[in-house]
Amino acid sequence: MTQSPAISEPAQPLLGKSLEDLKDWVQSQGQPAYRGQQLHSWLYQKGIRSLEEITVFPKIWRQNLTAVPVGRSQIHFRTVAADDTVKYLLRLQDGQIIETVGMPTAKRLTVCVSSQVGCPMACDFCATGKGGFVRNLAVHEIVDQVLTVQEDFGQRVSNIVFMGMGEPLLNPANVVAAIRCLNQDVGIGQRSMTVSTAGIPGRIRQLAQHQLQVTLAVSLHASNQPQRQQLIPSAKTYPLSALLQECQDYVQVTGRRVTFEYILLAGLNDQPQHAIELAHHLRGFQSHVNLIPYNPISEADYQRPSRDRIRTFVEALEERHIAVSVRYSRGLDQDAACGQLRASKVELAISS
Ligand code: SAH
């Protein structure tokens with residue numbers, strides 16, 4: 001009986017590895033370094049799901065590579081909204097399900113990626129937060145979401161927002177590694193990426209040290225500490241003043257302005273006095289306020305403010321020279337709020 005040559009499998013899937021790492025890996029398999037370049041372009045440009053698909057590799061070697069994991073997910077569910085937004089539930093290797101969204105406009109294709117399965121932050125208005133936390137996503141599981149949307153649309157992804165399930169700054173090493181991979185290996189500009197965080201003490205300052213060119217978006221959602229900790233439980237141990245100071249440091253270290261996200265909840269944080277208070281905090285701050293009218297979720301009974309109320313809030317900020325825009329969520333007819341699609345489909349699966 002002839003023994004087949006030993007294959008030293010990479011501990012991690014290949015997706016997420018840099019060109020240099022891939023060259024090292026093919027050489028460890030007894031192949032010349034240029035095969036690493038080929039592997040890189042088939043992984044990131046052609047979007048292969050198995051190494052057997054790499055027809056430029058010698059057949060004999062390919063047959064030995066069948067067990068080497070690439071790290072791609074399966075589309076478990078896909079739904080298209082009236083505005084052409086496509087929402088996906090992706091099934092990971094261990095059976096966990098995450099949400100990813102593809103949002104096309106005339107010039108862009110933006111992907112909303114998840115950074116965790118579930119989320120431990122438990123924000124009161126968020127469907128993901130209501131569902132609890134399972135685990136962090138690995139680098140390849142973040143990169144895969146972008147490749148999946150790219151493949152499904154047959155179009156290059158131009159922008160990435162870390163606004164899906166999870167808190168990116170509770171998974172910082174993998175999020176930063178995924179940003180580098182998406183930038184260097186997939187070819188998406190860092191300035192076209194946004195990391196959204198509810199704020200974790202010390203982590204914004206740490207992110208700044210990586211000297212990335214990504215936009216930082218901070219989920220502020222309130223203009224004072226008591227209201228903020230009512231909406232975001234973890235804010236109890238993170239005073240608003242400390243959060244804002246870290247954001248100032250981020251601007252100073254990176255030279256990039258910060259976006260402040262602010263969910264508008266009718267009768268709660270949408271009054272003129274809140275706009276005035278917010279403007280006071282942000283005076284002279286290199287920042288931009290992104291107002292998000294609340295997307296109703298079944299687990300909470302907040303209301304979305306009227307258009308008039310939203311306009312009044314915008315005007316109050318503008319009068320105080322605060323840069324502001326309103327983000328109307330995409331795909332509203334298809335469980336638009338973060339984590340809602342997964343919650344409704346998992347429920348469906350249980351009840352059917
Ligand atoms: N954990 C990160 C990123 C994920 S949530 C963060 O908190 O920023 C992305 C954005 O969607 C956040 O600003 C979040 O507060 C917002 N969001 C969550 N549920 C929402 C809802 N029901 N309506 C409107 N925005 C929501």
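In the hairpin formed by β1 and β2, five residues lie between the two strands, and D84 takes a positive phi near 75°. The structure is a predicted model. The hairpin strands belong to an open sheet of 10 strands with mixed pairing, and the domain assignment divides the chain into domain 1 (1-70) and domain 2 (74-351). The points below treat the hairpin, the sheet, the helices on the sheet, the helix pairs and the domains in turn.

**The hairpin of β1 and β2**

- Strand β1 covers residues 74-80 and strand β2 covers residues 86-91; the two pair in the antiparallel sense over six bridges.
- Within this pairing, F77 has L89 of β2 standing opposite.

**The sheet**

- The order of the strands in the open sheet is β1-β2-β3-β4-β7-β8-β9-β10-β11-β12.
- The edges are occupied by β1 and β12 (324-326), each of which has a single partner strand, so one side of each is left without a neighbour in the sheet.
- From one strand to the next, the twist averages 20°.
- Strand β9 (residues 215-219) and strand β10 (residues 258-264) run parallel and are joined by three bridges.
- In this parallel pair, A217 stands opposite T259 in β10.

**Helices that pack on the sheet**

- Helix α6 (residues 172-184) packs on the sheet and touches β7 (159-162) and β8 (193-197).
- The direction of α6 makes about 165° with that of β8.
- Helix α9 (residues 240-254) also packs on the sheet, where the strands touched are β9 and β10.
- The direction of α9 makes about 145° with that of β10.

**Helix pair α5 and α6**

- Two packed helices are described by the angle between their axes and the distance between the axes.
- For helix α5 (residues 139-153) and α6, the axes come within 8 Å and cross at roughly 45°.
- This angle makes α5 oblique to α6, and the crossing is right-handed.
- On the α5 side, V139, I142, V143 and V146 meet N174, V175, A177, A178, C181 and L182 of α6.
- The contact of α5 with α6 comprises nine nonpolar residues, one polar residue and no charged residues.

**Helix pair α1 and α2**

- Helix α1 (residues 19-28) and helix α2 (residues 34-44) have axes that come within 8 Å and cross at roughly 125°.
- The two helices are therefore oblique to each other, and α1 and α2 form a right-handed crossing.
- The residues L19, L22, K23, W25 and V26 in α1 meet R35, G36, Q37, L39, H40, L43 and Y44 in α2.
- By class, the contact of α1 with α2 divides into seven nonpolar, three polar and two charged residues.

**Helix pair α10 and α11**

- Helix α10 (residues 272-282) packs against helix α11 (residues 307-319) at an angle of about 30°, and their axes are 9 Å apart.
- Angles under 35 degrees count as roughly parallel, and α10 and α11 are therefore roughly parallel to each other.
- The crossing of α10 and α11 is right-handed.
- P272, H274, A275, L278 and A279 of α10 make the contact with R309, F313, A316 and L317 of α11.
- In the contact of α10 with α11 there are seven nonpolar residues, one polar residue and one charged residue.

**The two domains**

- Domain 1 spans 1-70 and domain 2 spans 74-351 in the domain assignment of the chain.
- The C-alpha centres of domain 1 and domain 2 lie 35 Å apart.
- Between the two domains, 12 residues of domain 1 are in contact with 11 residues of domain 2.

Note on methods: Residues are numbered from 1 along each chain as its sequence is written. This is a predicted model: local features need pLDDT of at least 70, side-chain atom pairs count only at pLDDT 80 or more; totals for chains, interfaces and linings use all residues. Side-chain values use heavy atoms; hydrogens and water are left out. Axes are lines fitted to C-alpha atoms, for helices over the stretch in contact, and angles run from 0 to 180 degrees between N-to-C directions. Helices (H or I, at least four residues) and strands (E, at least two) are DSSP runs, numbered from the N terminus. Angles under 35 degrees count as roughly parallel, over 145 as roughly antiparallel, 65 to 115 as roughly perpendicular and the rest as oblique. A crossing is left-handed if the near helix is turned anticlockwise from the far one by less than a right angle, and right-handed if clockwise. Contact means heavy atoms within 4.5 Å. Ala, Val, Leu, Ile, Met, Phe, Trp, Tyr, Cys and Pro count as nonpolar, Asp, Glu, Lys and Arg as charged, and the others, Gly among them, as polar. Two strands pair if DSSP finds at least two bridges between them. Domain bounds come from an automatic or database domain assignment.
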